[in-house]
Amino acid sequence: MKNPIELAKRFWYGPPHEERRIGELYKDKTGLYKHREWRGFRDTMYYFNKIWCYNYGMMVADIFKYGGVVTFAKGAWRYRWLGQTYLPVLHWFDRGLEGLRGEALKASAWHYRAMTNMTIQQFMAMLKADVNINGGEHNELWKNTVAHKETVWAGVLYPWADRLNHIPMEMIPYFVTCHVNNHTVLNYIDAAQSIGLPGDPCPMCQAEEGLFVLDDMPDYAPIVITSNEACDGSVASTVIQDWYLGDKPLFALPQPMLFDDPLVQENCANDIRELWKFIEDQTGMKPNFDVMNEMLKKQNELQRFEWEKWDVAANSNYYPINGVAQALYRIYYSQYGENEIWHQTDAKVKKILEKCVREKINSYPNTRHRVIAWSCAPLYFSNWCTWAYNCWGLNTIMNMDSLMFDMEIRADGNVDDTLMDMALYHEWAPMRRMAVGGMHHIFELWDYMERFNCDMVMMYDQLQCKGMQGVHGLFEDEFRARNIHAIWMPHALPDKRVVSRSEIRAIVNDYMFTVMQEEPLDPSLLEFDDSQSW
Amino acid sequence: MRDLKHLIFFENLLQEANNDLVKQAKSEGKKALGYTCYFMPEVLLDLEGCFGVRLRAPACTSPDMATYYMSGRTCHYGRSLLERALEGGYNFLDAQMATETCTVTCRFQEHLDRMDIIQNPDFFVSFTDVPFKKTENGIDHFKKQLQAHVLDELNSHYGIDTSDKALEAAIKEHNEVCDLINQIGDYRKLDNPTITGYEFHVIQLVSLVCPKYLILPYLRETAEELKTREPDPTPNFRIRVVLAGSENDDPDFTKLVESCGALVVADRYCYGSIPGREPIEIKDGEKPLEAIARHYLETSCCPRWMMKDEMRERKLRLANICKDYKADGLIVVSNKFCEYWSYERTIDAIILPRDFGVPTCSLEKEYINAATGQLRTRIQAFIESVEIKTIQGGAK
């Protein structure tokens with residue numbers, strides 16, 4: 001038996017990293033905990049009170065705040081994706097925040113809270129306007145909402161931000177659900193294939209299409225904006241969605257492929273102008289550029305703080321936000337656009353960040369390798385970076401999706417200038433600027449490795465992404481030529497059946513044992529069965 | 001039917017990209033310009049002093065080196081092109097006039113740009129951005145792109161004359177090729193056609209992969225020959241079909257379809273003539289480049305178009321082709337891993353029978369077919385199903 005001082009230390013601080021044995025907490029297959037992780041007294045209390053209880057409470061409060069429990073209940077009854085993903089949300093928190101301590105726990109959890117709030121805002125807005133659950137009525141909310149593909153940056157609608165709501169069609173039903181409950185999306189992929197689609201196109205597009213095939217998409221807006229982002233599959237899935245959307249006016253807002261060309265900028269800016277004309281024609285509402293500028297200024301504040309975060313992440317060991325929180329929060333707010341919750345969250349995180357820098361708090365003291373994650377991540381295992389740090393000390397500092405919208409937008413009253421910046425921002429969308437766009441941007445990896453002081457690459461290998469598969473060999477050549485340690489992580493974006501979480505872990509384990517000749521920090525995490533886990 | 005005089009010559013021209021006519025043009029000092037997609041207007045590549053070659057990789061059944069670079073999960077066509085390039089099969093090229101119109105062919109062309117593959121010190125790759133919408137903005141953008149990334153590049157690298165007069169001359173020659181191909185293709189509309197789908201496929205392909213000025217005499221002669229060609233006394237096909245779909249530069253596939261009893265009467269696929277062989281019209285007050293930009297955007301039926309009306313119009317257009325060519329059915333084929341046509345094929349297979357009453361067979365194949373047995377079975381079954389429908393329809 002350990003001496004009382006040691007026991008007291010363990011009680012107060014929790015066990016040291018090497019003795020945590022987190023894998024032994026799991027119930028077989030489900031990934032549920034037998035009991036909660038003891039993170040030390042203060043962090044365990046913080047997690048239970050300020051994360052678990054607080055977020056459960058806020059999830060209920062948000063439902064009331066944004067539309068009421070009756071609307072929510074009708075939506076949960078009507079739409080499979082909602083019913084299946086609301087309750088497991090706190091398990092999603094658990095997976096992403098596992099093993100975190102102190103300031104890292106707090107900062108990362110605030111990101112999760114913001115995403116949860118934003119998700120509830122969106123699906124409640126969808127449900128309130130939804131014709132399907134409101135007795136077939138086209139209410140005022142329906143009339144004043146614009147639907148768009150999740151890959152359209154909503155900033156193009158800022159000139160109507162004071163009068164029109166905008167809701168991405170697939171962000172909640174598809175994208176968020178993949179992270180929270182990875183079983184849900186499989187149904188939609190199967191539905192797409194049931195009408196004759198082969199299994200090899202990008203499963204993201206398949207799942208998005210499956211929502212329409214199964215009539216599991218709320219009818220919440222009279223007009224729709226589509227896009228070609230990120231790839232051929234997105235363009236093609238738009239075709240099928242159109243057949244299911246019926247006669248709704250549809251505006252295609254493509255992102256040009258060769259976006260470095262100034263001529264292309266001009267074309268894209270003209271497309272946005274045409275979109276504005278379309279919105280005006282359809283709604284009878286004129287654009288308000290003062291509102292647009294205000295929204296852009298606020299969005300620029302978010303970007304400036306993001307740069308502060310990157311600066312700390314790149315140049316110190318004091319960055320408190322873990323890899324999964326960094327990736328998901330960044331892609332969520334930069335794609336969705338301006339919203340008050342992002343500012344509230346950034347204010348809280350800024351305090352934590354400043355404290356970490358001021359007091360030189362290293363939240364990841366067992367870091368063996370600073371990792372940059374490149375290409376498109378597995379949505380069903382976005383928390384792999386939490387696992388990789390706990391198991392191997394692989395600390396994911398930055399990821400490709402975070403780096404996409406790396407710009408401010410001019411909002412000084414000159415609409416032409418603003419439009420050119422908006423065009424560029426629109427084009428620098430996730431999976432486009434680097435994954436399926438100009439090839440040389442993909443190879444900016446080397447610059448970012450240097451900028452963020454990373455010594456290892458987690459190279460996502462989305463097996464059904466034609467753009468990234470099409471440069472596989474060139475990356476192999478470059479990794480060898482530059483003597484860079486890179487682990488290829490095969491996956492199929494939302495479809496865990498192609499490469500399971502367990503297989504992904506096995507691939508990382510193999511590389512760390514055989515190539516790096518290292519031993520795990522927490523061997524209990526090497527192998528476990530979480531095949532039935534959310 | 002009596003064999004076409006030049007058919008074997010044409011077939012030989014399709015055996016490799018650097019065929020006899022390409023070699024002849026090169027020896028005459030012309031610059032060879034590769035391209036892969038309809039969106040790269042071939043007429044611009046056929047200006048005086050250069051000629052376009054739409055790239056193919058015949059007989060490439062195992063693209064091993066390209067699979068290392070592009071993995072085994074990308075379109076076989078794109079990989080085959082890279083394989084052929086790595087083998088040295090495109091070293092005759094002086095430039096690649098590239099488009100990013102589908103992901104994998106774009107990646108192939110980016111490899112040409114990034115790796116030192118083409119053994120020609122003057123070789124360069126120029127990418128043109130192609131719009132996704134047939135709007136005035138799109139046409140204007142495309143025109144500027146063609147000026148900047150095709151004409152200006154050709155002029156600065158190789159001193160090609162890109163004046164309006166030169167463009168008009170190229171359009172004239174191009175239109176003659178189109179007229180001849182259309183004349184030849186129209187025989188497929190006859191009740192008992194005097195040309196087979198295979199023969200037409202070969203003729204259409206040679207018009208894409210050979211210098212126009214060298215292939216024109218053979219096309220003229222073939223068109224003349226067909227005027228008096230007698231059909232077989234009794235038709236030797238069971239049904240007539242339209243072949244639609246993704247990239248198809250393999251006449252043996254058409255031969256396979258026809259050997260099952262389905263005469264291919266129309267070719268609505270990439271590398272086909274519908275669209276592809278519509279003459280370019282210069283409207284009053286229009287500059288030649290404007291006319292070219294407008295023509296290629298307006299005639300294209302690519303599933304890449306994203307406007308709502310165009311997405312729906314495509315189905316109607318396909319149904320009309322079936323009607324014009326008196327087809328009994330439609331075979332929609334996509335290459336494996338082609339995302340555009342995977343979706344387009346799926347929706348065609350639903351919409352064409354349901355809304356237009358066109359029996360439709362949906363197939364997926366590789367670029368060069370090894371699995372002919374399976375395909376034959378599928379096609380034979382389709383032919384039988386159409387015949388049964390005809391019999392049942394007749395009984396009513």
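Start with what covers the buried residues of α22(A): select α16 (384-392) and β8 (485-491) of chain A, which are included in that cover (contact is C-beta atoms, placed from the backbone, within 7 Å). Helices here are DSSP runs of H or I with at least four residues, strands are runs of E with at least two, and both are numbered from the N terminus. You're looking at a predicted model, where local features need pLDDT of at least 70, side-chain atom pairs count only at pLDDT 80 or more, and totals for chains, interfaces and linings use all residues. Residues are numbered from 1 along each chain as its sequence is written, while chains are lettered from A and ligands numbered from 1 in the order in which they are written.

Now pick helix α22 itself, residues 501-515 of chain A. Its 15 residues reach 21 Å from first C-alpha to last, close to the 21 Å expected at 1.5 Å a residue (1.5 Å times one less than the number of residues). Show A:Arg501, A:Ile504, A:Arg505 and A:Met512, which are buried (20 or more other C-beta atoms within 10 Å; 12 or fewer is exposed, and in between is partly exposed). They cover an arc of only 100° around the axis, so they sit on the same side of α22(A) (the arc is that of the directions from the helix axis to the C-beta atoms). Swing round to the other side of α22(A) for the exposed A:Asp510, A:Thr514 and A:Val515. Just after the helix, A:Gln517 has a positive phi of about 55°.

Next, select α12 (262-283) and α17 (415-427) of chain A, whose axes are 8 Å apart and make an angle of about 100°. That makes α12(A) and α17(A) roughly perpendicular (65 to 115 degrees). On the α12(A) side, click A:Gln265, A:Cys268, A:Ala269, A:Ile272 and A:Arg273; their partners in α17(A) include A:Leu419, A:Met420 and A:His426.

Hop over to A:Met59 in helix α2 (41-66) of chain A. A:Met59 counts as partly exposed because 18 other C-beta atoms lie within 10 Å. Leaving out residues up to four places away in sequence, A:Met59 touches A:Val89, A:Thr116 and A:Ile120. Try a C-alpha to C-alpha distance to A:Asn117, too: 7.4 Å in space, 58 residues apart in sequence.

Last stop, the contact between chains A and B. Chain A puts in 45 residues and chain B 43. Among the elements of chain A that each supply at least two residues are α12, α20 (466-469) and α21 (472-482). For the largest share, select α11(A), with 10 residues.

Technical notes
Axes fitted to C-alpha atoms, helices over the stretch in contact; angles between N-to-C directions. Parallel < 35°, antiparallel > 145°, perpendicular 65-115°, else oblique. Contact = placed C-beta atoms within 7 Å.
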